[in-house]
Number of protein chains: 2
Amino acid sequence: MLTTERKALIQQVLRRDGRLIAKSFAYELGVSEDTIRRDLRELAAEGLLQRVHGGALPASSATADYPARQSTASSSKALLGLAAARLIQPGQIVFLDGGTTNLQLARQLPLDLKATIITHSPSVAVELACHPSVDVELIGGRIFKHSIVAMGSTSAEAISRIRADIFFMGVTGLHPETGATTGNGEEAAIKRLISRQSGETIVLATEEKLGAASPYQIVPLAEIASIIREPGTDEKSSRLFRSVAIKVLQANAPKQD
Amino acid sequence: MLTTERKALIQQVLRRDGRLIAKSFAYELGVSEDTIRRDLRELAAEGLLQRVHGGALPASSATADYPARQSTASSSKALLGLAAARLIQPGQIVFLDGGTTNLQLARQLPLDLKATIITHSPSVAVELACHPSVDVELIGGRIFKHSIVAMGSTSAEAISRIRADIFFMGVTGLHPETGATTGNGEEAAIKRLISRQSGETIVLATEEKLGAASPYQIVPLAEIASIIREPGTDEKSSRLFRSVAIKVLQANAPKQD
DNA sequence: CTTGACTCTGCACGATATTGCACGAATTCT
DNA sequence: AGAATTCGTGCAATATCGTGCAGAGTCAAG
């Protein structure tokens with residue numbers, strides 16, 4: 001049994017079961033617990049999993065991660081959402097990605113907007129169900145619990161039959177060289193597909209995502225039409241993106257209206 | 001059971017139910033109350049929940065949202081949901097209809113249940129996204145805003161490719177002569193389709209629906225396997241349904257556990 | 001072919017974490 | 001007020017962890 005092989009297996013088990021018990025896994029593989037523990041320690045050092053007493057959990061498991069992010073839904077995301085919502089023209093077909101920022105966008109849609117919103121996020125669909133005039137088209141598929149969106153072949157097929165005018169894409173990183181990135185390979189593939197089915201792709205980027213990079217590339221920067229950033233973001237990075245012909249729009253500071 | 005995992009579970013239950021009883025949760029997990037109390041204390045120290053006598057509540061922010069959910073979830077629907085959740089065997093494929101009663105059902109699924117839940121209700125999908133062990137398959141389609149479920153030809157096509165073991169169907173009327181009925185023709189058609197793709201169809205009926213009829217028939221009584229009714233419902237009507245070979249199960253009255 | 005450097009693995013052992021129980025204090029219910 | 005829970009702490013048993021160390025295997029240079 002190769003070390004690398006074993007480590008791959010560990011990550012596979014984590015993805016499958018969402019947990020790994022050091023003791024039982026060692027027995028299963030016929031190696032000592034020490035070896036497994038060593039593997040776990042090393043993988044944890046690389047940030048590939050979360051080491052806990054007794055075994056390991058996925059790095060950013062569905063168990064702890066999403067709700068934590070949910071609570072970070074700050075007012076800046078609402079501002080981004082509002083700025084994005086204003087870009088939508090009546091009658092357009094808009095694809096809304098999952099994630100808290102896009103959920104904010106859904107919440108900010110003008111109540112008199114007539115448009116078709118397509119989404120693979122059940123949360124966004126629920127949010128829009130009480131909007132009086134937009135049509136909502138839900139993409140089905142297997143629910144990916146980490147980010148609560150539909151994924152898999154069913155989703156991909158449904159998406160491939162649709163052409164949207166705008167895609168508001170959620171990312172976890174946006175970097176001049178690595179482009180738009182996210183933390184999951186399959187997720188990246190789905191986003192890429194949606195992006196290519198859409199007239200233009202717009203990224204809503206909170207400050208911490210600008211200049212950051214995650215493991216999986218969705219698309220290179222060239223395929224992104226615009227970036228909407230928070231007010232107060234460092235102007236330097238914006239210039240960097242503008243230099244590759246991307247529009248960088250700044251969300252307005254809060255105003256009394 | 002890893003300690004970290006258990007703590008994550010505690011927070012999940014808190015988000016799901018809005019509260020946690022130390023004693024019953026300890027029993028549910030098969031650990032001592034001391035262990036749970038210790039966890040609660042530690043989580044409280046991190047500000048992740050609010051410790052109260054007998055158990056815990058979500059950390060302040062979410063507390064406000066609990067009474068809201070509590071009110072929409074009348075206790076009788078929760079009871080119906082619980083009774084229904086117990087009918088699901090591990091490994092089964094279950095189709096969950098939309099509606100508040102089925103949302104309750106989703107909320108009541110045992111945390112250790114391994115099954116596949118299919119639904120065309122984004123609300124149910126969101127609710128189940130934080131369930132640790134069920135797979136969730138979302139049916140896409142145009143969102144019908146009145147009942148917040150996906151409908152239309154896309155949904156019908158996706159449904160027709162699936163065979164489920166059980167279908168928990170929401171209805172607005174259940175009458176010995178008109179059968180199961182609902183208020184919208186297209187909705188009735190979709191429910192009928194799901195019912196015919198499923199091994200058995202089970203209706204969760206709150207008291208006001210028994211003996212009532214709505215404009216559109218979904219299926220005749222003969223195609224319904226069981227009805228789950230609230231405790232305290234008039235026994236006469238149950239006999240009527242039993243006479244056409246339908247099992248009528250009664251949800252248990254609340255018990256102290 | 002031999003030697004030496006290197007890696008991987010399993011074992012030993014002290015350190016640390018977790019758990020369940022006991023018991024008195026605090027809280028809630030009646 | 002009195003009974004019944006629930007709570008918190010101390011404690012002992014057990015499980016798990018991390019580290020140092022030695023043997024086995026690998027590989028490349030000599």
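**View 1. Helix and strand elements alongside DNA strand D.** In this predicted model, the surface near DNA strand D draws at least two residues from each of α3 and β2 of chain A, and likewise from each of α3 and β2 (49-52) of chain B. In total, 18 residues surround DNA strand D, and the closest are A:R37, A:G54, B:R37, B:R41 and B:G54. Sorted by class, the residues of this surface comprise 10 charged, six polar and two nonpolar.

**View 2. Polar contacts to the phosphates of DNA strand D.** Which part of DNA strand D supplies most of the atoms within 4 Å of the protein, the sugar and phosphate or the bases? Sugar or phosphate accounts for 78% of them, and bases make up the rest. Have a look at three contacts here. A:G54 uses its backbone: one of its polar backbone atoms is 2.8 Å from a phosphate oxygen of DNA strand D. B:R37 uses its side chain, with a polar atom 2.9 Å from a phosphate oxygen of the strand. For A:R41, an N or O atom of the side chain is 3.2 Å from a phosphate oxygen of DNA strand D.

**View 3. The surroundings of DNA strand C.** Turning to the other strand, you will find 17 residues around DNA strand C, with A:R6, A:T35, B:R6, B:T35 and B:R38 the closest. Of the atoms of DNA strand C that come within 4 Å of the protein, 57% belong to sugar and phosphate. The residues of this surface divide into eight polar, six charged and three nonpolar.

**View 4. Phosphate and base contacts on DNA strand C.** On the phosphate side, A:R6 places a polar side-chain atom 2.7 Å from an oxygen of DNA strand C, and a side-chain N or O atom of B:S32 is 2.9 Å from a phosphate oxygen of this strand. B:D34 reaches a base instead: an N or O atom in its side chain is 3.1 Å from a base nitrogen of DNA strand C. Two or more residues of the surface near DNA strand C come from each of these elements: α1 (3-17) and α3 (33-45) of chain A, and α1 (3-17) and α3 (33-45) of chain B.

**View 5. The three-stranded sheet of chain A.** The strands of this open sheet run in the order β1-β3-β2, with antiparallel pairing. β1 (20-21) and β2 (49-52) are the edge strands; each has a single partner, so one side of each is left without a neighbour in the sheet. Zooming in, β2(A) pairs with β3 (residues 55-58) over four bridges, in the antiparallel sense. Here A:Q50 faces A:L57 of β3(A).

Key: Residues are numbered from 1 along each chain as its sequence is written. Chains are lettered from A and ligands numbered from 1 in the order in which they are written. This is a predicted model: local features need pLDDT of at least 70, side-chain atom pairs count only at pLDDT 80 or more; totals for chains, interfaces and linings use all residues. Side-chain values use heavy atoms; hydrogens and water are left out. Two strands pair if DSSP finds at least two bridges between them. A residue is near a molecule or strand if one of its heavy atoms lies within 4 Å of it. A polar contact is a pair of N or O atoms within 3.5 Å; within protein, one must be able to donate a hydrogen and the other to accept it, and residues adjacent in sequence count only if both atoms are side-chain atoms. Ala, Val, Leu, Ile, Met, Phe, Trp, Tyr, Cys and Pro count as nonpolar, Asp, Glu, Lys and Arg as charged, and the others, Gly among them, as polar.
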